[in-house]
Amino acid sequence: MGVKAKKRDLKLNHGDEEEETGRNALPKTQGQAKEHIEQLQRLQEKDPEFFEFLKEHDKELLEFDDEDVDEDADDGVEDAELNENDNNYEPEVSEEEEKPYKKVITTELVDSWCHSIEENGKLAALRSLMKAFRTACHYGDDNGDDSSIKFSTMSSNVFNKIMLFVLSKMDGILRKFLKLPSSGGKKETIQELMTTKQWKSFNHIVKSYLGNALHILNQMTDTEMISFTLRRLKYSSVFLVAFPSLQRKFIKVALHFWGTGGGALPVTSFLFLRDLCIRLGSDCLDECYKGMYKAYVLNCQFVNATKLQHIQFLGNCVIELFRIDLSIAYQHAFVFIRQLAMILREALNTRTKEAFRKVYEWKYINCLELWTGAVCAYGSEIDFKPLAYPLTQIISGVARLVPTARYFPLRLRCIKMLNRIAASIGTFIPVSMLLLDILEMKELNRPPTGGVGKAVDLRTILKVSKPTLKTRAFQEACVFSVIEQLADHLSQWSYSASFFELSFIPVVRLRSFAKSTKVQRFQKETRQLIRQVEANSEFTNERRKSICFLPNDPAVSSFLEDEKKSGTSPLSQYVSTLRQRSRQLTDSLSESSVLVGEHGSVFGKSGSDSEDEDTGGREGTSVFSSTWLPGSDSKTKHPEEKKSKKKKRKMEQQDKAAPRDEDVVEDLVLSSDEDDEPLNNSSAESEEDEDVKSVRKQAQKLKAPSRGSKKKKNRSPANKAKKRKTSR
């Protein structure tokens, strides 16, 4: 009991000293700190047993060394500098008068702090600057009567000066104090640093810098300010190893800016996330992979000519991030591809409209595009090559799910993905039958009866309406795309010794299509492809006569190897001309473009850090040169911006879900939409008829107000029956 009483008395005495310093609002002087150390030394001499007891059970009470004395002395100097020019300060005033008084920050005061830090490396000036930085970041917040904040309001010039200096120089200043390299660093470096005394002295400054910067990121509305702040914080991202909660918050904020930002902000946010994953490794890779895939899915629900480029950029970012650790990326890719396979299996088993909608929507197709790009980028790697087979099976199943003429754009998109996978991994994928089945549909063998029609961009649609099927523009787009994809498929094996056998059936079916079609343009394109395939067959057969190895001999891989590198086969040259024609067509169809497009989002293997070396001072002064202050417009503008964005999304959804035939999944038949033939599944036949009737009624109700007064005529069931008989 005596030991406990002594310990309690010692704590009470120590607590009384702290209460006195708190009441007087004055820092502990150097003399008081030394007096406390002397008391501990006398205690060790008088009662060594009690001193040993304190070492075992209460080390915090004894951890009071010379560094703390120096820090307390610096605090005294700091407060003396702050109160030096204060003529209105009176030490003996009541607490009510003392609370509202706070120090005003001026440009001269900020310049003196910056000079002291850069020239003399004063810790007191650094602490004062960090307190001013906190005040600047929390400017406009409802802090109430917070006595811990020593500074009052500031002007926009002072705010810009503080933000520019701290964001530009703080990383280098902290590295000097912590004795770290001027740039870079890994997770292990910070973990070793966390065990030293230097980290215990400066960790609160590092945390204050990162935490307040995160707060101001959530308050900013200007994309240039956010981009500059993220670009500068990227250099200090390695310090987030010591603060897991801040690390998760930074990842969440960066993912939000990456998915929804405009201008150069998505690129800056991605570079921040990429640098964070490289330095922190597995600590944040899982969270970044899941977050980026989720943000990608949310952004690809609707597609048009402008948004298509942004979706391609987001997909390229996800693929580039997989490069950091392919083994971890494979685990996430396997789970996500399995989810797509389960959705397709449900559609094949149930054969319901809701199940078909889950597959035949932009979100599902864009996910297939993403994983196709990942397999094409890393198909040669051991980790990602096993994903090629299940992904190929899923894409083939999607292409065959509803083989109707109205879904030609979706099928052609799937075939293009299969061609990309086959070219990247060097494996044969049977694509020609899917393409030739399209040519045998009677919608493409008839002359167009719906007029010329509008130009059709197959990249931005998955399904077309029945009137569009009969237009000349749609038929030309489909036939030319089929010929291009078939030529691309055959050109991949144009240097194979078995090209003649491989191209025999496609040539036979192409000849039958050229005879059956009544459109001269289609006959001309088909016969030209046949001539190129026959010329390529002669090209390979002549070389094949001179070889003496068997088909199963490994030497087959060296057949026409030099010609393949130079691309001299007739079919390869023909495919290059077709690709140039398709590029010209897509350029003419694209009416608008975005800043972050496909070309600006292709990353190389050697991650050059040229973008990391930003111009610092010039860019910062141009960014932080406005009169904006946090809290002035962020709280009022954010709700309005969110409301306007929600309204735009609702309007887009209503426009896309309203009276458009192509967005309603109906008349799911095998051969053609005009033939009213049911699906193979007999159990779903009755449900399909009821669903089709209800969907048609809803479509008629939606279309009725938009039609002219002349078309609003009462049509009896007898008239409908007569029309059906005549059409048959």
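These exercises walk through helix contacts, cores and loops in a predicted model.

**Exercise 1. Helices 15 and 16**

Task: Work out how helix 15 and helix 16 are oriented to each other, and what meets where they touch.

Solution:
- Start with the axes. Those of helix 15 (residues 282-299) and helix 16 (residues 305-322) come within 10 Å. They cross at roughly 165 degrees.
- Apply the cut-off. Angles over 145 degrees count as roughly antiparallel. Helix 15 is therefore roughly antiparallel to helix 16.
- Add the hand. The crossing of these two helices is left-handed.
- List the residues. Helix 15 brings Cys-288, Tyr-289, Met-292, Tyr-296 and Asn-299. They meet Lys-307, His-310, Ile-311, Leu-314, Gly-315, Cys-317, Val-318, Leu-321 and Phe-322 of helix 16.
- Sort them by class. The contact of helix 15 with helix 16 has 10 nonpolar residues, 3 polar and 1 charged.

**Exercise 2. Helices 22 and 25**

Task: Repeat the analysis for helix 22 and helix 25.

Solution:
- Helix 22 spans residues 432-439, and helix 25 spans residues 472-491. Their axes come within 10 Å and cross at roughly 155 degrees.
- That angle is over 145 degrees, so helix 22 and helix 25 are roughly antiparallel.
- Helix 22 passes helix 25 in a left-handed crossing.
- On the helix 22 side, the contact uses Ser-432, Leu-435, Leu-436, Ile-438 and Leu-439. Helix 25 answers with Val-482, Gln-485, Leu-486 and His-489.
- By class, the contact of helix 22 with helix 25 holds 6 nonpolar and 3 polar residues, with no charged ones.

**Exercise 3. The nonpolar cores**

Task: In the largest nonpolar core, find which residues touch the most other members.

Solution:
- Begin with the total. The largest nonpolar core has 172 residues.
- Pick out the best connected. Met-163, Tyr-209, Leu-210, Leu-368, Trp-371 and Val-398 touch the most other members.
- Ask which helix gives the most to this core. Helix 9 (residues 156-177) does, with 11 residues.
- Zoom in on Met-163. Leaving out residues up to four places away in sequence, Met-163 touches Phe-133, Ala-136, Cys-137, Ile-216, Met-220 and Phe-624.
- Look beyond the largest core. Another core, of 5 residues, lies apart from it, and includes Tyr-495, Ala-497, Phe-559 and Leu-560.
- Set this against a general pattern. In soluble globular proteins, nonpolar side chains tend to be buried together.

**Exercise 4. Three loop residues**

Task: Place Lys-179, Arg-351 and Thr-517 in their loops.

Solution:
- Lys-179 sits in the loop between helix 9 and helix 10 (187-193). Its phi is positive, about 60 degrees, although Lys-179 is not a glycine.
- Is Lys-179 buried or exposed? Its relative accessible area is 66%, so Lys-179 is exposed.
- Arg-351 lies between helix 17 (326-350) and helix 18 (353-359). Phi of Arg-351 is also positive, near 55 degrees.
- Recall the background. Most residues other than glycine have a negative phi.
- Thr-517 is in the loop between helix 26 (499-516) and helix 27 (520-544). Its relative accessibility is 2%, so Thr-517 counts as buried.
- Not counting residues up to four places away in sequence, Thr-517 touches Leu-444, Asn-445, Phe-522 and Gln-523.

**Exercise 5. A distant pair**

Task: Trace what lies around Leu-589.

Solution:
- Leu-589 belongs to helix 29 (residues 570-589).
- Leu-589 and Ala-305 are 284 residues apart in sequence. Their C-alpha atoms are 8.4 Å apart in space.
- Setting aside neighbours within four places in sequence, Leu-589 is in contact with Ala-455, Val-456 and Asp-457.

Methods
Residues are numbered from 1 along each chain as its sequence is written. This is a predicted model: local features need pLDDT of at least 70, side-chain atom pairs count only at pLDDT 80 or more; totals for chains, interfaces and linings use all residues. Side-chain values use heavy atoms; hydrogens and water are left out. Axes are lines fitted to C-alpha atoms, for helices over the stretch in contact, and angles run from 0 to 180 degrees between N-to-C directions. Helices (H or I, at least four residues) and strands (E, at least two) are DSSP runs, numbered from the N terminus. Angles under 35 degrees count as roughly parallel, over 145 as roughly antiparallel, 65 to 115 as roughly perpendicular and the rest as oblique. A crossing is left-handed if the near helix is turned anticlockwise from the far one by less than a right angle, and right-handed if clockwise. Contact means heavy atoms within 4.5 Å. Ala, Val, Leu, Ile, Met, Phe, Trp, Tyr, Cys and Pro count as nonpolar, Asp, Glu, Lys and Arg as charged, and the others, Gly among them, as polar. A nonpolar core is a set of buried Ala, Val, Leu, Ile, Met, Phe, Trp, Tyr and Cys residues joined through side-chain atoms within 4.5 Å. Buried means under 20% relative accessible area, exposed over 50%, partly exposed in between (1.4 Å probe, protein chains only).
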